[in-house]
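Visitor: I should like to learn how to read a structure of this kind. Where should one begin?

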Amino acid sequence: MLKSAETFEIINLSKSEAGFAEEIKKMGGERILECIQCGKCAATCPLALAGFSFFNKRVIHAILNGLKEVLLNDISIWACQSCNRCTETCPRRVDPFEIMMAMRRVAVRKYALPATAIKGIKSLYDVGHAVYLSEAGEPRKKLGLPEKPPTTVADPEALAEVQAILRKTSLATLGIIPMGEFGIFGI
Amino acid sequence: MKVGFFIGCNIAFNRPDLEQAVRYAFPALGVELDDLEGQSCCPTWGTMPSIDPVGWYAVGARNFAIAEEKGVEMITVCSTCYGSLAKTTHKLQTHRETRNRVNRLLKSIGKEYRGTSRIRHAVYYLYDEIGPEKIKALIKHGLERLSVAVQPGCLSLWPSEIHPEKEADIFHPKILQELCELLGASAPPYSRFLDCCGMGGMRSTDMEKSFKLVERKLVAMKKELNPDLIVTGCSSCLIQFDTAQEFLQNKGKINFAIPVLHYVQLLAVCLGAEPQQVAGLARTPVLHVLNKIREG
């Protein structure tokens, strides 16, 4: 489903989606209309440096042109480092970081997210950590640390709290991951 | 002095030797660590921030609530945790409606965000709270004749507007460099100093592009400085620089290996820690450098 935007040679503006920028505003990219496409964000962006098709400036440009499908079919937004160089440098206080996040929120609602993201989300729900290695107990023990860190992985009640919060967010209505009440301590 | 230790996923599960370094270095500097039992993920960018902002802030606020109950601030050695929790603080302290929504969620689990704690980056905490003089006085092994390439990491720097503790010139950071120099090392500038390491969302999305960034930076370090060590303030940079080199060597892209440490690991060894304990999980060999430091 997600493919490189390099396959789109011609962009058909008549197929653009009206109201896309408004949707982005509602999803957190509140100042997108302040963008003047000056390119300061692109000049600092690791995505641009690494050769991704859609870095901050081009994502904003595509949104302003209503090109939702183009962005939904491109992986770049998920490679955003959240480094905030763009937000630091933007002369119009657009906060391009928030626009990248808003675009992800739109993509998630169309189920256009990579498997690695789903894995992290599932792990956050199941154990309270987006990154989790079940085999970490042995190296921890060898270093003289308890096998489980003093976090949600060692505390069923704490994990239940995190899960209770997550079940009251839009994650619960999206159905991206199974959200039972068990996690690693169940069954 | 007491502070909550916000551990973070990558440290707890990927690099617990860094966790051990924190547990050694801070008490050695007179700072007692609180475990903040029941803490969770910050949460990181690819999870709730990419789905539901209120859910993001609520998971973060729950972590703050744990610290508030204990009356402590939190420190982290992970710049992602720092960035996510700092953005949470900023939002909750500047946006009343979001804060109310978050507190309604927290109320259902018997918690409340009051805004009395904050997240502090270990590097700034060392510099601002403990101070170079005190660190210097407690050093057992110095780094004389050692040269390091400094890798500050993104999220401890930007966006500076939301960080109470920051560099004087945000695009010319100096603090990590100064912290290395006070241990006795030289930490000269190099051309790609501010480049991103390529970890994070980029590495999980496109490893080839991610490794292209780290390769370019490694080559600049090697050519311009030929350093004994790469020293970073961020656990993600640590993992990227440490694990990418083996891969790049196998691919024939680089023909060198530069040992990589988080600053707190290096500090722990200078304060007397056993190298194996605080840096034993490095993939790019580092113990030979650390053992030499201990021998003086």
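Guide: Let us begin with a definition: helices and strands are DSSP runs, a helix having at least four residues and a strand at least two, numbered from the N terminus. Please note that this is a predicted model.

Visitor: How many helices and strands does chain A have?

Guide: Chain A has 11 helices and zero strands. Its C-alpha atoms fill a box of roughly 55 × 35 × 30 Å along the principal axes.

Visitor: What percentage of the residues in chain A are buried?

Guide: A residue counts as buried if 20 or more other C-beta atoms lie within 10 Å of its own. Of the 187 residues in chain A, 45% are buried.

Visitor: How should one read the side of chain A that touches chain B?

Guide: The size of an interface is often given as the accessible area lost when the parts come together. Here we count residues instead: 54 of chain A are in contact with 55 of chain B. Helix H10(A) supplies the largest share of the chain A side, six residues. By class, that side has 31 nonpolar, 15 polar and eight charged residues.

Visitor: Which residues of helix H6 of chain B are buried, and what covers them?

Guide: In helix H6(B), residues 122–130, the buried ones are B:Ala122, B:Val123, B:Tyr124, B:Tyr125 and B:Leu126. Their cover includes strands S3 (74–76) and S4 (119–121) of chain B, together with helices H7 (132–138), H8 (175–182) and H12 (263–270) of that chain.

Visitor: Which residue follows H6(B)?

Guide: B:Gly131 follows H6(B), with a positive phi near 95°.

Methods:
Residues numbered from 1 in each chain as written. Chains lettered and ligands numbered in written order. Predicted model: local features only at pLDDT ≥ 70, side-chain atom pairs only at ≥ 80, totals over all residues. Contact = placed C-beta atoms within 7 Å. Nonpolar A, V, L, I, M, F, W, Y, C, P; charged D, E, K, R; others polar. Buried ≥ 20, exposed ≤ 12 C-beta atoms within 10 Å, placed from the backbone.
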